[in-house]
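Let us take a walk through this protein together, one piece at a time. Keep the sequence and the 3D view side by side as you read.

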Amino acid sequence: MEYDVRITVNGERYQARVPASLTLLRMLREVLHLTGTKEGCSIGECGACSVILDGKLVNACMVLAVECDGSVVRTVEGEGAMDKLSDLQQAFVDNHALQCGFCTPGMLMAARELLERKPDPTDDDIIEAMAGQICRCTGYETAIEAVRRVARKGQAGGGK
Ligand code: FES
Ligand code: FES
């Protein structure tokens with residue numbers, strides 16, 4: 001069975017006919033060609049596929065595309081551009097918070113969701129918000145410090 005899905009991603013409207021079994025992650029990557037969101041485990045464990053769906057952080061590998069009909073999604077492509085990084089992206093660069101970068105889109109979306117929900121997070125808030133994001137390279141302290149710096153500057157913004 002296939003269904004029509006209308007979805008807004010980073011402010012752009014899309015419509016696609018997708019199989020009932022297609023995940024939001026596969027729709028983003030394979031149908032809409034938004035490959036910034038990464039596929040790691042495919043079973044909701046690693047956080048690489050994290051996106052903001054109707055204001056909430058979700059693992060896109062665990063959500064069916066058909067469930068998202070009428071929804072608003074934000075992915076890492078909405079954070080910034082190569083020539084204009086968002087505050088979080090710049091802080092990750094400045095703080096050496098990535099190596100291979102595979103986990104970075106998910107980390108950025110988790111951090112963005114936190115800073116919008118709680119602009120002045122405690123260290124425990126940051127650690128809790130990033131807990132679902134698995135990094136195989138850097139460890140976590142540099143990413144946590146990057147989020148802490150943006151929060152402390154009190155100028156979280158730049159994500160769409
Ligand atoms: S790919 Fe979705 S949580 Fe790992
Ligand atoms: S930077 Fe490589 S997995 Fe996190």
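Is M1 buried or exposed? M1 is exposed, as its relative accessible area is 76%, and over 50% is what counts as exposed here. Please keep in mind that the model you are looking at is predicted. You will find M1 in the segment before β1. Leaving aside neighbours within four places in sequence, M1 is in contact with V18, P19 and A20. For a sense of distance, you can also pick out L53: M1 and L53 are 52 residues apart in sequence, and their C-alpha atoms are 24 Å apart in space.

Now zoom out to the whole chain. The protein holds five helices and five strands, and if you follow them from the N terminus, the order is β-β-α-β-β-β-α-α-α-α. The C-alpha trace spans about 50 × 30 × 30 Å along its principal axes. How does the radius of gyration fit with a compact globule? A compact globule of 160 residues would have a radius of gyration near 15 Å, and the protein has 15 Å, so the two agree.

A few more totals round off this wide view. Of the 160 residues, 46% count as buried. Among contacts between residues at least 6 apart in sequence, 57% join residues at least 24 apart. The accessible surface comes to about 8,200 Å², and carbon and sulfur atoms account for 51% of it. As for charge, there are 18 positive and 23 negative side chains, and the centres of these two sets lie 3 Å apart.

Next, find helix α1, which covers residues 24-31. Which residues of α1 are buried? They are L24, L25, M27 and L28. An α-helix has 3.6 residues a turn, so residues three or four places apart point the same way. With that in mind, look at what lies over the buried residues of α1: the cover includes the strands β1 (2-9), β2 (12-19) and β3 (50-53).

Move on past the end of α1 and you come to H33, which follows the helix and has a positive phi near 60°. H33 is a residue other than glycine. Most residues other than glycine have a negative phi. H33 sits in the loop between α1 and β3, and it counts as exposed because its relative accessibility is 59%.

Stay in that loop a little longer. S42 also lies between α1 and β3, and its phi, near 70°, is again a positive value in a residue other than glycine. With a relative accessible area of 34%, S42 is partly exposed. K38 is found in the loop between α1 and β3 too, and it is partly exposed, with a relative accessible area of 22%. What does K38 touch, leaving aside its neighbours within four places in sequence? Its contacts are L25, R29, A48, C49, F102 and P105. One of these, L25, is among the buried residues of α1 that you met above. By contrast, K38 and V5 are 21 Å apart in space, C-alpha to C-alpha, with their positions 33 residues apart in sequence.

Now turn to the helices later in the chain. Q89 lies in helix α2 and is buried, with a relative accessible area of 13%. Setting aside neighbours within four places in sequence, Q89 is in contact with V76, E79, G80, A81 and L108. T104 belongs to helix α3, and T104 counts as buried because its relative accessibility is 9%, where the limit for buried is under 20%. Beyond residues up to four places away in sequence, T104 touches F92 and L98.

Our last stop is helix α5, residues 141-153. At 1.5 Å a residue, its 13 residues should span 18 Å; the end C-alpha atoms are 18 Å apart, so the expected and modelled lengths agree. Which residues of α5 are buried? The list is A143, I144, A146, V147, R148, V150 and A151. These buried residues pack against α2 (87-94), α3 (104-117) and α4 (123-129). Just after α5 comes G154, which takes a positive phi of about 65°.

How values were computed
Residues are numbered from 1 along each chain as its sequence is written. Chains are lettered from A and ligands numbered from 1 in the order in which they are written. This is a predicted model: local features need pLDDT of at least 70, side-chain atom pairs count only at pLDDT 80 or more; totals for chains, interfaces and linings use all residues. Side-chain values use heavy atoms; hydrogens and water are left out. Helices (H or I, at least four residues) and strands (E, at least two) are DSSP runs, numbered from the N terminus. The radius of gyration is taken over C-alpha atoms; the globule rule is 2.2 Å times the number of residues to the power 0.38. Buried means under 20% relative accessible area, exposed over 50%, partly exposed in between (1.4 Å probe, protein chains only). Contact means heavy atoms within 4.5 Å. Accessible areas come from the Shrake-Rupley method with a 1.4 Å probe; for residues, only the protein chains shown count as cover. Lys and Arg count as positive and Asp and Glu as negative; His and the chain ends are not counted. The place of a charge is taken as NZ of Lys, CZ of Arg, CG of Asp or CD of Glu. The expected span of a helix is 1.5 Å times one less than its number of residues.
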